[in-house]
Amino acid sequence: MHTVSTLERARCGLKAHPLAADAALAAGVLACMVAGSFAAPQGHHGLTWDVHAPAFLSLLLMLAGSAALVFRRRAPKTVLAVTGTVSLVECVTGDPRAPVAMSAVIALFTVAATTDRSTTWRLGLLTMTVLTAAAMLAGPLPWYAQENLGVLAWTGIGATAGDAVRSRRAVVQAIRDRAERAERTREEEARRRVAEERLRIARDLHDVVAHHIALVNVQAGVAAHVMDKRPDQAKEALAHVRQASRSALDELRATVGLLRQSGDPEAPTEPAPGLSRLEELADTFRSAGLPVSVTRADQGTELPAAVDLAAYRIVQEALTNVRKHAGPDAGVEVSVVRVGPNIEVTVLDDGPGTPGAPGAGHASEDGGGHGLLGMRERVTALGGTLTTGPRYGGGFRVHAILPVKTTTAQGEPV
């Protein structure tokens, strides 16, 4: 374990100081070339070997080639040119020949590992051709000598090994890039889902609070107005206040329960409201003094939960806006109609509007309110359309077209 940690520290140190690592490599290559230069072949076929001191020029060429390797990462092509030149001189003049071509092999490996494949092919073929041709045609040995073929083999190995290293690095980098992109995609998807859930909860909270608080406000005003003269009617209004506040608390508890953690107490299991509770919703407004007529022509269509909730919330928000802004004498007509693959929800009122109310008696998207904006977001999320605006002759119209069949994020119908 101690040896492994020592080697790991040494490897990290060399990566942190590449120039020092290249200097150490150059020293090792110089030692190998000098040691190899003392062994010289005898005979024309080079079948026997003898110890022979290298020539002074060979020593200078070996020193120049190894010194150039110190800068192999900074200028790989220049280093290849220098080492190729000294190797060429040695191939022509060396007798016996010293292994100066080893420095060219290292330089060619570096070029192949740091550049593209086409550059490796061009420079590799050029180096192999020039050195091998010079050794065969201008060298002191016969053209078929094994040393000449060795120059061809070793330069080819250097180029091939460098290209393999470059390819492996490219594959590893591509894997890392894909992993990073996948991680970023997961994080972005998680953020998007969190944002969508926050928006959905905000819409639900707005609908619940706006609806029930508006009813509480109306009934409390009625109770305060008739408290002294008609206490029975005041008591009835206060009962409606109590009922509306209890309903608001129940819906708030159900919505906020979605924010609990997995270890928290169990969230309420009451189903989300839908069009099945449309009459109940209308009764709450009738009890507050708003005439509401409901017409159903949906032939008992079973809607997906998201569509059912959206239709209910649209009616709820539209009735709340009527009660708040359309004036005390307004009447409302609510219709739910099945038209082909869609369900159409329409809320019409004939109120003139209260003085100073924005949007012709209703909260508008540009007037600072979130009601119509929340409706539009709900409808758009389901792939439907929403139309809102004043009616000719007075009043306001809310018309939503919702698809009966929605699609999931993967495009599958639900």
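This is a short tour of the structure, stop by stop, with something to select at each one.

**The whole chain**

Keep in mind from the start that this is a predicted model. Show the chain as a cartoon and you have 12 helices and 7 strands to look at. Switch on the surface next: the accessible area comes to about 23,500 Å², and carbon and sulfur atoms account for 61% of it. Of the 414 residues in the chain, 38% are buried. If you draw contacts between residues at least 6 apart in sequence, 66% of them join residues at least 24 apart.

**Pro-54 and the loop after strand 2**

Select Pro-54, in the loop that runs from strand 2 (48–51) to helix 3 (56–68). Is Pro-54 buried or exposed? Its relative accessible area is 17%, and with the cut-off for buried set at under 20%, Pro-54 counts as buried. Now show what surrounds it: leaving aside residues up to four places away in sequence, Pro-54 touches Ser-37, Phe-38 and Leu-59. Add Gly-94 to the selection as well. Gly-94 is 40 residues from Pro-54 along the chain, yet their C-alpha atoms are separated by 9.0 Å.

**Over to Arg-97**

Keep Ser-37 on screen and pick Arg-97, which sits in the loop between helix 4 (76–93) and helix 5 (101–114). Measure from C-alpha to C-alpha and you should get 7.4 Å between Arg-97 and Ser-37, although their positions lie 60 residues apart in sequence. Arg-97 is another buried loop residue, with a relative accessible area of 17%.

**A look at two cysteines**

Select Cys-32 and Cys-91. Which one is buried, and which is partly exposed? Cys-91 is the buried one, at a relative accessible area of 2%, while Cys-32 is partly exposed at 46%. A disulfide is a covalent bond between the sulfur atoms of two cysteines. How many turn up in the whole structure? The search finds 0 disulfides.

**Down the axis of helix 6**

Select residues 117–137, which make up helix 6. At 1.5 Å a residue, these 21 residues should span 30 Å, and the end C-alpha atoms are 29 Å apart, so the two values agree. Now turn the view until you look straight down the axis. The buried residues of helix 6 fall within an arc of 160 degrees, so they line one face of the helix. Color that set: Thr-119, Thr-120, Gly-124, Thr-127, Met-128, Leu-131, Thr-132, Ala-134 and Ala-135. What is on the face turned away from them? There you find the exposed residues Trp-121, Arg-122, Leu-126, Thr-129 and Leu-137.

**The annotated stretch, 172–199**

Move on to residues 172–199, which an unreviewed UniProt entry annotates as a "coiled-coil region". In the model, this span is 100% helix and 0% strand, and its end C-alpha atoms lie 40 Å apart.

**Last stop: helix 12**

Finish with residues 371–381, helix 12, where the buried residues are Gly-371, Leu-372, Gly-374, Met-375, Arg-378 and Val-379. They cover an arc of only 160 degrees around the axis, which puts them on the same side of helix 12. Flip to the other side and you see Thr-380 and Ala-381, both exposed. Then step past the end of the helix to Gly-383, which has a positive phi, near 85 degrees.

How values were computed. Residues are numbered from 1 along each chain as its sequence is written. This is a predicted model: local features need pLDDT of at least 70, side-chain atom pairs count only at pLDDT 80 or more; totals for chains, interfaces and linings use all residues. Side-chain values use heavy atoms; hydrogens and water are left out. Helices (H or I, at least four residues) and strands (E, at least two) are DSSP runs, numbered from the N terminus. Buried means under 20% relative accessible area, exposed over 50%, partly exposed in between (1.4 Å probe, protein chains only). Contact means heavy atoms within 4.5 Å. A disulfide is a pair of cysteine sulfur atoms within 2.5 Å. UniProt positions are given in the numbering used here, feature names are shortened, and annotations may be inferred rather than shown by experiment. The expected span of a helix is 1.5 Å times one less than its number of residues. The arc is that of the directions from the helix axis to the C-beta atoms. Accessible areas come from the Shrake-Rupley method with a 1.4 Å probe; for residues, only the protein chains shown count as cover.
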